[in-house]
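User: I'm just starting out with protein structures and would like a close look at how the helices pack here. Could you pick out that part and walk me through it slowly?

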Amino acid sequence: MSRLFARAGRRFLLRHPGQLGLALVGIALGVAVVVGVDLANDSARRGFELSAALVTGRATHQLVGVSGTLPDAMYARLRRELGIHRAAPVIEAPVRLPAAPDRAFTLLGVDPLAEAPLRDEVTPGAGELDLVRLQTVPGTVILPQPLADRLGAKIGSHFELVAGGREQRVEVAGVIEVDRARREVAGAILFADIATAQELTGMIGRITRIDLVLSPAEAALLESVAPPDVLLLPAESQGQAIVEMTRAFRINLTALSFLALVVGTFLIYATLSFLAVRRRQTIGTVRALGITRRQLFGVTLAEALALGAVGTAMGLLLGHLLGSGLTSLVLRTIEDLYYAQSTAVRPGVSIYIKGALLGLGATLIAALAPALAAARTPPRALQSRAALERGTRQRLPTLAIGGAVVAAGATAILMVDTQSLIVAFAGLFGVVAAAALLIPALTPWVIRVLQAPAAWIGGLPGRLTARAAAASLSRTGVAVTALALATATVMGIGLMIASFRGNVADWLDQTLQADFHLRLAPGVADGDSDALRPDAIATLRGLPGVAGLSLARWSRIPTADGWLQIRAIEPGPDGWGLRIVDGDPDAARTSLQSGDAVVISESLARRREIAVGDSFVLPAASGPIGFEVAGVFRDYSSDRGAVVMRLGAYRHHWQDENLSRVGVYLAPGADAGALRRALDRFAADSGHLNLAARAELRATAMRIFDRTFTITEVLRWLAGLVAFFGILSSLLALELERTREVGVLRAIGFVPAQIRTLVIAQTSLLGLVAGLIAMPLGVVLAGVLVYVVNERAFGWSMDLAVSPAGLAAGVVMALGAALAAGMAPAWRLARMPLAAALREE
Amino acid sequence: MQIALRQVSKSYDAAGRGLPVLDGVDIDIVQGEFVVLVGRSGSGKSTLLNLIGAIDVPTAGEIFIDGVACGALDEQARALLRRRQLGFVFQFFNLIPTLTVAENLLLPLELNGRTGAAASARVSDMLAEVGLADRADRFPDELSGGEQQRVAIARAIVHEPRIVLADEPTGNLDLETAHDVIGLLDRLCRDAGVTLVMATHSREVIGLADRVLTIRAGRVIEARP
């Protein structure tokens, strides 16, 4: 009999293609979002890893200078005096190719004769490379095959390259084959002899680092004899740094995609519940005919799994398409956030397998409750609609208590003192789960509140609308919960982004104090240009209308935990432009002024667990120096962490007189246009400076901010889309179930327009209820995202800003989704042949 | 003639072929008459009631209600006709489950623009007539089957229609309750001068009717009770 019942189930679905289609779309979209994000993340991560592996090779250690470069004589000394032979000098520099302007490339300068222990690409044994020509002819490079193909270059051909701020012409001395796995990554690297690389980048006599393969004894020896301004670092930590840095970003995306799957799972549950309810009479009948509960449970579950399998297959296909779109968004965002270029690589098949298992697993979990409900259905004679609704109502207190317990658990998880992002997301999902249990219990209360205004506005039909929603709680509860969860998710992420945006805007207003900003052009190393030398600064000070200057040197110093940014500042007339969030702000600024203390960014304080008053040791030219941490400042420019110190102190300890940027303050009453023109001329004359007014810089920063959140927005709206299809499915089922009731209303004289109004009013009411419930939930989710997830993921704090417009947008979204979802059933019920409607069971 | 059917035919689409149910039916019913439709299951009794009630439209022929040709009416006009002139009683009661008993009765009145104290008084009177004055604030699922059908009868008559159409109103009730319900319906309609057309299998009802129309093979054969 169970086979026949299964057949009846199949036919039921086939006779309701709309519901079948919507159920499949719900599953497919949920799976697609997870797979798409996973593909993008995996592709980016593997791209970073392969790039790092290609650049680092088999090195166990790297020798780096605290100023960012090393004298090349150190390499010779290493081999000659210390007898370390498995060592290779490297120049690694970003370059641009006018022939391929849409992406960045890396120039890797190497010594082919020293490469063999480290890398295989440019060694005497590697294919038919003309290494003699590479080493003896200036301006020659070796291209990996994919890049040569892209540029249409072959041995002997020439192309333009921008390095060290200058456009130069280079010749292709060789093309190397790259294995398939590294094909995409290798397409972004150009190899040159170390001397050529020095000439191209302007780093004459200097190198970026020395890659080493060291035994522990050799490492210990090298560490003991290394000069104070040189550091020996484990290679893996440097290569993996970007992978680790982007980990939080990727976890965030994965969590968001899981949120979409959770919403999707809930929608699968809603769809299957509706299907079970709609087939209640059939189920009751077959129960009366003798099918056992176990058989019924098995058949219902198998049916759901079949549905899940088809939906999952569709989801995998859709996810594959989505993945390629998301990959470029993910890479661009990583580039904006971390200034790290990478290339997507072909993702592994395991992602599709994982996606398939997730889709089927989600369907199975979602199907459990409806399958159990079906199995518990009494034989037809005993089952009435009223009994079903009574049962639903009786379960509400249990659900509410369960919800309260889960909410307490989630709160406890969120309050655990840890930096773990996984724990934060466990708490976030706990909040969502608690809401899923509490919303059905809240729904009748909210409807009750809305009943009086509904009756006042719509008379008896208005009351009918509200009552119908409250009376069919077995269906409306699920629909409202699904819509409220989805709305709260979209609203919560929206509030988080809006809060973040507001905080970034405030931070920019505080940070960008000068009226005009001069910076070295991209690709120009600080030491390469005379544009910001002391005489140029003196010229700037003397320009008419200048009230003062702020001077800054931004540099990177290597540490065992990766590169660290130092911002050495000589503040302008308006002070430091820092918002101190930990420590006494006035005391911190006074200490900074003295030059003995530093302030550190929130992300650095959090990541390295440094507190105000601690001593922070930095590798300086004369060796490690401890600085007192006078305060922690808010900084949204990088989650890698930054240290601010006085320019004089930096110059003293790092013996670096260069400047990277200058802020120009306009004197009160001076002509801004005239100063702008003078600064334009100054920048143009230098050839290496970019000029931007404060407003332009602020606008650019906000544009980048918006761009980095594009992916979040995309996921936010994908979650919304999943929800919309789910609510469409739920409301369609709900309204179609009322076909007979609507038929009666039409029989006693409701005109089609009144039926349409009634149905739309009913679905809109559900939308309104969902929107009202979603408001506080959205704020809670935003709070968790702002105060827990963001702090742990990126290390920066922000203030949650809950705007009435943001809240209203959520209600409008829920109302809009319900309204749109109600259109089709409204039109269908109003036009349905009345005789057929009255016959409908 | 209050209700007149002229050469009315109705067929349904079945697997792409027309399945005839009624074939060239002619019926005349005068105001206040109690007409019973009998016939085997599937003979077309409900179809005929649906056609008279402007719930369905004939494949051919014309139906006149108070001289108005229903075929010329669009759905809006048919809805208004049902609202003002007709009352329905169904086998499965078809009360609105989310409205109380009193509200179910109020619904046709509100649709006809009758609200306020007068409408409430009319509802109270009707409930008293059907013996359910004390059930006004109950919901349908709190009533027995017989009580629900009495509410349905009250709802069909409360707005003072000229015609009541009842489709096997006792089909879901026990004999004793069915007897009460039919008696009530007959009394209320006769008191108000309302035409009652009822499809039924009940022999008892046939005894109360003014006229019995038997439907067989799509045709109507008239007989006196």
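Analyst: Let's begin with how far to trust what you see, since this is a predicted model. In chain A, the confidence bottoms out in helix 9 (residues 235–245) of chain A, with a mean of 59. At the other end of the scale sits strand 16 (residues 597–601) of chain A, where the confidence is highest, at 94. Where pLDDT is low, the predicted coordinates should not be read in detail. Over the whole of chain A the average pLDDT is 81, and 88% of the residues score at least 70. For chain B, the average is 88, with 97% of the residues at 70 or above. The model as a whole comes with an ipTM of 0.78 and a pTM of 0.75.

Next, get your bearings in chain A. The domain assignment splits chain A into domain 1 (1–58 + 247–383), domain 2 (68–228), domain 3 (442–512 + 698–841) and domain 4 (522–687). Taken over C-alpha atoms, the centres of domain 2 and domain 3 of chain A are 57 Å apart.

Now for the helices. Two packed helices are described by the angle between their axes and the distance between the axes. Keep those two numbers in mind and start with helix 15 of chain A, which spans residues 421–471. One partner is helix 25 (residues 752–794) of chain A: the two pack at about 155°, and their axes are 7 Å apart. Angles over 145 degrees count as roughly antiparallel, so helix 15 and helix 25 of chain A are roughly antiparallel to each other. Helix 15 of chain A passes helix 25 of chain A in a right-handed crossing. Sort the residues of that contact by class and you get 31 nonpolar, five polar and one charged.

Helix 15 of chain A also packs against helix 16 (residues 473–511) of chain A, here at an angle of about 110° with the axes 8 Å apart. That makes helix 15 of chain A roughly perpendicular to helix 16 of chain A. This crossing is right-handed too. On the helix 15 side, the contact includes Val432(A), Ala435(A), Ile439(A) and Pro440(A). Helix 16 of chain A brings residues including Leu473(A), Val480(A), Ala484(A) and Leu485(A). By class, this contact has 13 nonpolar, four polar and no charged residues.

Over in chain B, look at helix 3 of chain B and helix 4 (residues 116–129) of chain B, which pack at about 125° with axes 9 Å apart. That makes helix 3 of chain B oblique to helix 4 of chain B. Their crossing is right-handed. Among the residues that meet are Leu105(B) and Leu109(B) from helix 3, and Val123(B) and Met126(B) from helix 4. The class count for this contact is nine nonpolar, no polar and one charged.

Finally, helix 3 of chain B leads us to the place where the chains meet. There, 22 residues of chain B are in contact with 20 residues of chain A. Helix 2 (75–85) and helix 3 (101–111) of chain B each supply at least two residues of the side that touches chain A. That side of chain B divides into eleven nonpolar, four polar and seven charged residues.

Definitions and conventions. Residues numbered from 1 in each chain as written. Chains lettered and ligands numbered in written order. Predicted model: local features only at pLDDT ≥ 70, side-chain atom pairs only at ≥ 80, totals over all residues. Axes fitted to C-alpha atoms, helices over the stretch in contact; angles between N-to-C directions. Helix = DSSP H or I, 4+ residues; strand = E, 2+ residues; numbered from the N terminus. Parallel < 35°, antiparallel > 145°, perpendicular 65-115°, else oblique. Left-handed = near helix turned anticlockwise from the far one by under 90°. Nonpolar A, V, L, I, M, F, W, Y, C, P; charged D, E, K, R; others polar. Contact = placed C-beta atoms within 7 Å. Domains from an automatic or database assignment. pLDDT = per-residue confidence, 0-100.
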